[in-house]
Amino acid sequence: WSLQDPSALRTALAAAAADFPGSGLRVVLFDSVGLRSAAAAAEVESLGLSRDVRSLCGGIINFYNQGGMVKDAAGEVVQALHPGDAEVARFITRPNTFKLA
């Protein structure tokens, strides 16, 4: 979905509404740099899926750059963060062993 046309996001959230255990749930959304997650948080809130919805400010890249731990699928702490694309990869300032194809 795009920030200019979030209709696909609305459709996906509406379809996922049954999986949300209740409006008392705290939901934290994130993306690479925080733009799309902020828009998604507003949509989650407007659909009434959660009253306590947040967007990770600066996205996962800022979290990682500030020393946040990232784990792989096996639960091991790694210095490997998928940036999404090469343009966004330049914002990663910590060592990063993830290799874009």
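## Exercises on a predicted model

R26 touches D52 and R54, leaving out residues up to four places away in sequence. The model is predicted.

**Exercise 1.** Decide whether R26 is buried or exposed.

*Solution.*
- Place the residue: R26 lies in strand β1, residues 26-29.
- Take its relative accessible area, which is 53%.
- Apply the cut-off: exposed means over 50%.
- R26 is therefore exposed.

**Exercise 2.** Find how far apart R26 and V53 are in sequence and in space.

*Solution.*
- Along the sequence, R26 and V53 are 27 residues apart.
- In space, their C-alpha atoms are 5.8 Å apart.

**Exercise 3.** List the residues of the largest nonpolar core and name the helix that gives the largest share.

*Solution.*
- The largest nonpolar core has 8 residues: L9, L13, V27, A40, A41, V44, L49 and V53.
- Helices α1 (7-16) and α2 (35-46) each supply at least two of them.
- The largest share, 3 residues, comes from α2.
- Now look at A41: beyond four places in sequence, A41 touches L29, V53, R54 and S55.
- A second, separate core has 7 residues, including I60, I61, Y64 and V70.
- In soluble globular proteins, nonpolar side chains tend to be buried together.

**Exercise 4.** Trace what the side chain of N65 reaches, and at what distance.

*Solution.*
- N65 sits in helix α3, residues 59-65.
- Its side chain reaches the backbone oxygen of F91 at 2.9 Å.
- Setting aside neighbours within four places in sequence, N65 is in contact with F91, I92, T93 and R94.

Methods. Residues are numbered from 1 along each chain as its sequence is written. This is a predicted model: local features need pLDDT of at least 70, side-chain atom pairs count only at pLDDT 80 or more; totals for chains, interfaces and linings use all residues. Side-chain values use heavy atoms; hydrogens and water are left out. Helices (H or I, at least four residues) and strands (E, at least two) are DSSP runs, numbered from the N terminus. A polar contact is a pair of N or O atoms within 3.5 Å; within protein, one must be able to donate a hydrogen and the other to accept it, and residues adjacent in sequence count only if both atoms are side-chain atoms. Contact means heavy atoms within 4.5 Å. A nonpolar core is a set of buried Ala, Val, Leu, Ile, Met, Phe, Trp, Tyr and Cys residues joined through side-chain atoms within 4.5 Å. Buried means under 20% relative accessible area, exposed over 50%, partly exposed in between (1.4 Å probe, protein chains only).
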